[in-house]
Amino acid sequence: LQAADLLTLSLPDLTLAPGDPYRTILGRAAGAATVAACGRAGTFLAFLSCGGVGTDDVPASGVLSLGLLTWEGSGEVALTRSRAPAVVQRFRSLATTPDLAEFVEGVLLFDPFAGGGRSVDVAFGCEQLRKLLELAQTRLRHVAQACGIDAETTIVPAKTAVAAPSGDGEVDGWDLGSDLGLDEPDGQPAGAVAQDGWGLEDLDVDLAPPVEGRSGLEDGGRCWLPEGEVSRLRGLAQRVELQLGRLEVFARAHRESSAASPCSLAWNSFRDVGREDLRRLACQMAAEQCLPVLEALFEQHLTDLTPHWPEILDALPETLSAVAVRRLLPAPGATSRASSASTSVRAPSREVVAWYLARVERIIDLTGLTHEALDLLRHGIHAVVGGDWPTKARADLSAKHLPKVPQAVLWERPEVRQLYGSFRLCAEYAKYSRVAMEDAYAHGEERDCASTLLPFLSFCALAPAARAQLALRRTRPGAVASDVRSWLAAVSVEHCGLDAVQAPTPGSSGAGGARSALAEAAEAVCTQSVEEAIMQAVIAIVNNSGWDPASFGMIAEVVAASNPTLPTADRIIRSPMTMLSFILGALYSDDQRCRAMDIFKSADEMYGYIPQQDAGLNLQGQDVERWAVLQQQADELQLHLNCIEVLLKHKIELSLSFADLRRGCSNEPMAVRSLWNLFRVLGARYRPAQFWRAFQTELFYLHKFAFAAVSEHVVSDMYVRVLVEQEHFDAMSGFTTDWASNCGAMEVASSLLKLTQELVNASPALRHQSLEKAKRVLRCVPKEGGELSGLVQAELDFIKACELLHDLVRRQPARGLFASRLAEDLRKGARNLTHALHQQGGSGGMGAGGCGSSEPEVTTISGASGFLSTWIEGGGGIAGAEGFRFDSPLQLRLQLHQPLRVVADLLQFNPPVLLDTEDLHTFCSLLGLAPSSPKWAEVMAMCGAANLLCGVRNEALAVTEKLLVNAHPAAWKLALALASSAGEASGAGARESTAS
């Protein structure tokens with residue numbers, strides 16, 4: 001703004017005051033003040049007004065006020081607060097002080113900032129003070145030159161330039177002789193202005209003060225000063241130089257301060273701050289976020305503040321962004337690598353890294369601002385690796401944007417690994433914090449989120465998979481691939497080349513002391529694979545969700561996103577070996593509880609992404625063996641998928657996981673149980689023989705690759721049982737031949753014989769369909785071996801005995817005259833004959849033929865009499881088989897060791913069986929009571945007695961003769977009974993003759 005432009009401002013109520021020596025501007029309409037002078041001060045218009053409100057000592061017309069006009073957004077000029085002329089008067093009085101020492105000391109105590117003021121007032125005060133300090137330097141230098149003293153080194157150091165506030169004029173800064181010079185009146189040449197009250201040119205300043213007691217000049221025209229005076233002036237010069245430096249800091253601080261970040265630096269306390277108090281002041285300015293002051297202090301007192309830089313920078317608020325304090329962030333000092341990072345703090349790289357880690361830990365613990373912590377680490381990484389700051393700010397602070405570490409830097413500064421590791425840990429913690437907050441809001445517990453959040457160091461101490469699981473725990477099917485990609489992009493530093501050197505051993509010291517817990521964790525995390533962490537985390541998430549098929553689909557999504565056909569950069573799992581380990585580990589994990597049939601589709605898709613054996617891997621050492629083992633397991637997976645396909649084809653719902661299929665080749669009980677379940681499902685409904693013949697091949701495929709722990713013989717036995725159950729004996733006959741050729745005839749015959757016995761024992765009656773099945777099974781037994789044939793024949797005899805017993809129990813005597821006469825004879829003679837026989841022969845027992853059998857004793861004649869009496873009293877056997885003790889083959893089998901007891905029970909239950917001698921003899925033979933058996937005589941004696949009682953003397957006589965020939969103990973009793981019955985018969989005949 002030029003002074004001449006005042007005429008064109010169109011300010012209301014402002015006019016020129018003619019007649020005054022300077023161009024003047026009238027004040028408001030009331031005329032309370034008159035602007036006597038004006039000038040340019042950057043973007044401000046400075047003016048001196050006369051008049052206004054007077055005081056008791058100074059009339060209104062003599063009041064001088066300094067003011068400034070500033071342009072507002074609308075272009076209007078606003079009047080700022082005016083300063084009292086006390087400062088101006090003090091300025092003039094100091095400038096005209098003749099005594100040099102008094103002048104300098106006055107300048108050192110001059111404070112134009114008392115009472116505060118706005119930034120424009122501070123800027124004007126800085127210009128006043130600078131003028132005075134420079135004048136003091138000039139006078140001190142002039143005195144030194146007049147006295148022949150080296151002014152530059154002895155009294156006055158090199159002049160320090162003080163930066164003035166920037167403006168839009170031709171000359172930046174304040175210049176009392178030009179910027180605040182009064183405008184020339186019309187027609188008056190430049191330089192004619194005098195007595196304006198601001199310039200120093202019109203002041204009569206005595207640069208060479210007189211010295212008491214002698215002339216101020218010596219020979220040669222030089223001044224002489226005592227040594228004490230020189231020392232005093234030297235001290236004053238140093239103080240002037242110090243205040244000039246302080247003034248630069250003070251001006252910069254207020255120039256760059258704002259309402260958001262005000263500066264509390266006061267000149268009266270700052271100007272004399274000693275070097276010993278600079279650290280405290282720097283910490284105060286850092287805490288107050290006065291970054292310009294802090295930067296200026298480091299620039300001017302770098303040597304004094306450098307030893308204390310960690311303490312000073314730690315005082316900065318943790319909420320400050322790294323960009324705001326970039327010029328104060330530490331960077332490695334001069335090394336073999338050049339550093340272009342613009343900063344005031346340089347230190348050894350170990351100290352720099354240690355500070356960044358400690359700072360990050362404080363930021364997260366105190367504020368939770370993980371974004372600021374990541375940005376700070378990004379700046380530290382760029383400073384240590386590249387020697388410069390990041391070129392641009394990023395809203396997405398991901399690890400994928402971090403620079404790769406050159407090998408030379410990694411060897412020279414291995415501690416840089418801690419920065420990268422801390423970045424990964426911080427990025428993981430940021431993901432975890434976000435997920436925890438989402439969980440809290442989802443459950444309405446946002447107020448308690450901070451209390452439930454894991455501390456940063458506790459989170460860093462977790463295993464990589466546990467950290468990944470916490471960060472991905474809210475992922476869902478369909479979104480897991482994108483969530484994992486986002487997590488990998490944010491945390492993975494594997495692309496940065498950190499494996500070029502071996503990590504230091506835990507506990508090694510850095511920067512002269514033990515490393516922090518964060519440094520240890522950060523160092524370790526550089527060697528931890530993110531792919532392994534993702535694999536374990538996804539499996540753990542699926543495990544926590546209950547292993548339902550939908551959750552297992554998340555594993556398939558991760559595998560699909562790692563398709564080997566995709567570009568390497570787009571894959572989640574990039575290593576083929578890790579990919580194959582993940583697929584096999586997910587399917588065959590012992591914790592995996594999904595049924596193989598339910599996840600068959602996902603497993604089949606995963607198998608399609610398995611890397612081929614010739615994937616072009618450059619493997620060495622143990623990796624070669626491991627790759628071969630993994631490929632064998634992949635082939636096993638293919639076989640298991642085929643097995644599951646068979647089960648799905650036939651809708652055989654078996655609760656088997658892929659781990660169970662592998663375990664079925666070594667765990668026999670589990671395999672047997674699974675096969676029985678398989679046959680139970682297939683045999684639940686009738687299936688034609690064609691199906692069973694076709695299923696035979698698939699059955700033994702399942703056995704070979706899923707249930708190999710069970711022998712082929714056992715599987716064949718199970719298969720035959722199902723064929724028998726469904727009565728496919730033709731298919732069974734053909735299969736038995738192959739079975740015998742593979743497993744041996746004896747093994748097959750034993751199984752079939754056992755099956756036959758089970759069928760017979762399971763029969764509910766002595767004649768049943770099960771017995772027919774049993775006989776058909778026996779027909780399929782291989783005809784090899786005499787002993788085997790004997791066992792088969794014995795079982796056939798037992799089946800025939802059961803059926804014959806069934807018939808004998810129910811057999812009734814023929815009806816008609818003979819039956820009536822037989823019944824009448826039995827009623828008439830049974831009691832008397834039995835009584836007589838008992839009186840004659842007693843009731844001697846007929847044991848087991850003297851063979852020491854344990855069978856119960858059977859009385860021949862009295863037993864027969866009792867059988868017949870019981871049968872007669874019971875109605876002659878009309879009740880059928882009800883009440884007979886043997887009604888199933890199993891009961892009969894349990895009494896085979898007492899065949900005589902069985903026959904006795906049969907005769908007792910149904911005596912007319914005695915009349916059917918042929919069938920009775922056949923039944924006895926089937927039970928093992930052959931004519932050559934010692935027990936056969938017992939049966940014959942019972943039959944003879946029964947025939948005798950029934951009046952069939954011919955049969956009784958024939959039996960008695962056979963018994964007498966064999967010297968059976970019961971033969972004489974039958975003989976006596978025959979004789980007695982013959983005598984009675986003769987007497988009865990004689991009586992009948994006499995009567996007639």
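1. Let's start with N563. Is N563 buried or exposed? In this predicted model, N563 is buried, with a relative accessible area of 16%; that value falls under the 20% cut-off, so the residue earns the label. You will find N563 in the loop between α21 and α22, the latter being residues 576-588. Setting aside residues up to four places away in sequence, N563 touches R571, M579 and Y609. Try showing those residues together with N563 on your screen.

2. Next, move to G125, which sits in helix α3, residues 119-146. G125 is buried too, and its relative accessible area is 2%. Which residues does G125 touch, if you leave out those up to four places away in sequence? They are P112 and F113. You can also look at D111: G125 and D111 are 14 residues apart along the chain, and their C-alpha atoms are separated by 8.2 Å.

3. Now for a pair of helices. Helix α20 covers residues 530-544 and helix α21 covers residues 549-560; the two pack at an angle of about 165 degrees, with axes 8 Å apart. That angle makes α20 roughly antiparallel to α21, because angles over 145 degrees are given that name. The crossing of α20 and α21 is right-handed.

4. What do these two helices use to meet? From α20 come V538, I539, I541 and V542, and they meet S551, F552, M554, I555 and V558 in α21. Sorted by class, the contact of α20 with α21 has 8 nonpolar residues, 1 polar residue and no charged residues.

5. Helix α20 has another partner to look at. Helix α17, residues 464-471, packs with α20 at an angle of about 55 degrees, and here the axes are 8 Å apart. The two helices are therefore oblique to each other. α17 passes α20 in a right-handed crossing. On the α17 side the contact is made by P464, A465, A468 and Q469, while α20 brings A533, Q536, A537, A540, I541 and N544. By class, the contact of α17 with α20 has 7 nonpolar, 3 polar and no charged residues. A nice detail to spot is I541: this residue of α20 is in the contact with α17 and is also listed among the residues that meet α21.

6. On to the aromatic rings. How many aromatic pairs are there? The count comes to 20. One to look at is Y719 with F735: the ring centres are 4.8 Å apart and the planes stand at 75 degrees, so this pair is edge-to-face. Y719 lies in helix α28 (residues 712-725) and F735 in helix α29 (residues 729-743), so the pair ties together parts that are 16 residues apart in sequence. Both Y719 and F735 are buried.

7. Y719 and F735 also belong to a cluster. Ring pairs link them with F691, W692, F695, F700 and W739. Colour these residues in one shade and follow the links from ring to ring.

8. Finally, step back to the whole chain. What does its secondary structure come to? The answer is 40 helices and 9 strands. The chain has 996 residues, and 48% of them count as buried. Take the contacts between residues at least 6 apart in sequence: 67% of these join residues at least 24 apart.

Conventions
Residues numbered from 1 in each chain as written. Predicted model: local features only at pLDDT ≥ 70, side-chain atom pairs only at ≥ 80, totals over all residues. Heavy atoms only, no water. Axes fitted to C-alpha atoms, helices over the stretch in contact; angles between N-to-C directions. Helix = DSSP H or I, 4+ residues; strand = E, 2+ residues; numbered from the N terminus. Parallel < 35°, antiparallel > 145°, perpendicular 65-115°, else oblique. Left-handed = near helix turned anticlockwise from the far one by under 90°. Contact = heavy atoms within 4.5 Å. Nonpolar A, V, L, I, M, F, W, Y, C, P; charged D, E, K, R; others polar. Buried < 20%, exposed > 50% of the residue type's maximum accessible area, 1.4 Å probe, protein only. Phe/Tyr/Trp six-rings, centres within 6.5 Å; stacked < 30°, edge-to-face > 60°.
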